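Q: Please take a close look at the surroundings of the ligand. Which residues come nearest, and which polar contacts are made?

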Amino acid sequence: MSANQPPPLVDYNLFESDAPLRESLEREGGSWAHDLVHELGRLAGTQQAIDWGFQANANPPRLRTHDRFGERIDEVEFHPAWHELMKVAVGHGLHALPWREPRPGAHAARAAAFYVWSQVEGGHGCPVSMTYAAVPALRQSQKLAAEWEPLMTTLDYDPGLQPHASKKGVLFGMAMTERQGGSDVRSNTTRAEPTGANGEHRLTGQKWFCSAPMCDAFLVLAQAPGGLSCFLLPRVLPDGTRNAFHIDRLKDKLGNRSNASSEITLDGAWAVVIGEEGRGVRTIIEMVNHTRLDCVIGSASLMRQAVAQATHHTAHRSAFGKLLTEQPLMVNVLADLAIESEATTILMMRLAGAFDRAADPVEARFRRIAVAIAKFWTCKRAIAVVAEALECHGGNGYVEESILPRLYREAPLNSIWEGAGNVNALDVLRAMQREPDTVSSYFGEVELARGADRRLDQAVAELKAEMANSNELESRARRLVEQMAVALQASLLFRFGEQNVADVFVSSRLVKGSGTFGALQPSPHLKSVIERHRPRL
Ligand SMILES: Cc1cc2nc3c(=O)[nH]c(=O)nc-3n(C[C@H](O)[C@H](O)[C@H](O)COP(=O)(O)OP(=O)(O)OC[C@H]3O[C@@H](n4cnc5c(N)ncnc54)[C@H](O)[C@@H]3O)c2cc1C
């Protein structure tokens with residue numbers, strides 16, 4: 001170490017250094033996956049993996065629309081580092097673990113593994129997540145699931161456009177969003193014309209956002225004669241010819257640079273309907289539920305990496321004669337960030353556990369509402385946490401090599417993709433109004449901590465009163481969902497976290513309301529909170 005600079009944060013185990021994650025994995029029934037998550041934690045801390053993350057972002061994918069003879073190929077070229085990242089992700093089953101091993105705790109185990117590995121690089125998580133999420137939607141057609149699922153769940157990363165029957169493993173994407181409207185998919189204009197029996201159609205239209213276009217197949221929404229329907233559209237047809245899926249251009253994005261997001265034209269592309277014609281939203285919502293869980297995992301992962309970097313940096317950097325971690329105001333900021341990260345990790349794992357236990361109606365109802373609550377709130381908080389963690393590094397945090405700029409650019413994406421903030425907040429209202437039992441399940445969960453803390457009990461009573469007031473509900477949705485999220489996190493912290501953390505969380509979030517980080521009441525416990533979160537080399 002020299003010139004008051006910290007040693008690089010490398011060669012540490014991201015799983016073993018994350019106490020809230022280790023505890024949650026056990027609690028949610030995923031301890032059988034300990035070795036898997038441990039191994040990914042080790043790999044994620046290696047210089048090799050860290051380098052792949054930087055290389056994949058410094059060398060973004062390139063579109064090749066035509067070959068040298070002028071024939072359309074519609075391919076995207078990725079840097080070798082992208083393929084290395086994908087190989088690890090697929091090789092460890094991050095795209096398929098619960099479908100490969102449908103045992104209690106499988107979604108929780110996958111959540112922990114995905115959270116650990118995504119800390120190296122967020123962009124390649126996109127096709128991994130979409131493949132994981134496509135399975136439950138695909139299962140609405142037994143025939144298609146029998147044909148595709150075995151290939152979606154192998155541990156072989158087999159890139160390149162080939163007929164699926166000749167591949168060792170395949171990946172899936174989704175194409176819902178169109179230029180005239182993404183949130184409002186009912187405004188989709190892509191047409192699906194039936195071409196005969198067996199649900200086969202030709203799709204014509206444009207999609208405005210289609211990420212990871214080198215995936216082998218896509219779930220696509222299009223207007224069939226019977227209404228908006230969900231289709232499986234492969235990139236290559238069984239005879240080896242390419243489907244009429246043309247990539248018009250790649251998006252020049254704020255972040256998520258390693259990943260390709262494209263605008264595409266479907267020019268009579270072959271596709272087959274999944275589920276019932278006219279019920280496309282209902283079919284694809286199965287996929288959206290799982291990708292929304294992954295937005296929560298992605299946000300938790302970004303927060304954790306930012307807090308790991310900030311607690312590490314400040315433990316080795318001095319200013320005004322003392323280590324930054326000895327400066328009372330920096331202690332306040334770091335502890336506040338660590339508490340937010342812990343509350344998010346615990347919530348993420350509880351939510352993943354609800355996916356595991358969805359056969360239980362109470363858990364299914366909890367999942368229905370909690371996924372929208374958690375997606376809204378954790379994605380918003382990730383943006384603020386990453387920005388503040390970046391500032392803890394001073395000027396070093398503003399420099400690409402620190403990884404913080406990449407985390408910062410990645411953070412807003414989870415909040416936009418799969419339903420932006422307002423859309424998720426309104427989805428919570430929809431659940432409240434159309435499925436009121438989901439609210440009972442939510443309060444059933446929160447009130448498991450009843451009596452643990454007077455302030456939490458008071459907040460729950462106020463929340464119930466807020467919800468009973470139907471005046472201007474839509475305009476109040478964000479405030480309401482924030483309160484729901486924070487009360488749920490507080491309940492989880494009282495039951496499963498450290499009492500000090502729960503106490504500070506409640507006094508700063510429930511009583512005072514979330515404002516700037518670093519405005520906690522001074523407490524002798526703050527340093528131990530930081531130590532709990534600081535990674536050890
Ligand atoms: C990097 C990236 C990758 C993506 N990849 C894919 C992909 O692979 N496949 C795919 O299908 N899509 C993809 N998307 C698209 C994404 O899902 C949409 O951008 C998102 O759903 C929002 O839709 P929109 O852009 O049309 O915004 P709009 O629907 O126009 O929304 C704009 C704003 O209005 C708000 N809003 C909408 N309705 C209401 C309302 N009723 N009340 C109040 N506020 C409202 C929204 O919350 C949002 O803040 C991707 C987007 C990004 C940024």
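A: The following covers the shell around the ligand, its polar contacts and its burial. This is a predicted model, in which local features need pLDDT of at least 70 and side-chain atom pairs count only at pLDDT 80 or more, while totals for chains, interfaces and linings use all residues. Residues are numbered from 1 along each chain as its sequence is written, and side-chain values use heavy atoms, with hydrogens and water left out.

Around the ligand there are 20 residues, and Met176, Thr177, Gly182, Ser183 and Ser211 come nearest (a residue is near if one of its heavy atoms lies within 4 Å of the molecule). By class, the shell holds 11 nonpolar, 7 polar and 2 charged residues (Ala, Val, Leu, Ile, Met, Phe, Trp, Tyr, Cys and Pro count as nonpolar, Asp, Glu, Lys and Arg as charged, and the others, Gly among them, as polar).

Three pairs concern nitrogen atoms of the ligand (a polar contact is a pair of N or O atoms within 3.5 Å). An N or O atom in the side chain of Thr177 is 2.7 Å from a ligand nitrogen. For Phe209, a polar backbone atom is 3.2 Å from a nitrogen atom of the ligand. Ser211 places a polar side-chain atom 2.8 Å from a ligand nitrogen. The ligand taken alone exposes 970 Å², of which the protein buries 67% (accessible areas come from the Shrake-Rupley method with a 1.4 Å probe). Two or more residues of the shell come from each of β3 (172-175), β5 (200-211), α12 (404-416) and α13 (421-434) (DSSP runs, with helices H or I of at least four residues and strands E of at least two, numbered from the N terminus).

Key. Polar contact = N/O pair within 3.5 Å; in protein donor to acceptor, adjacent residues only side chain to side chain.
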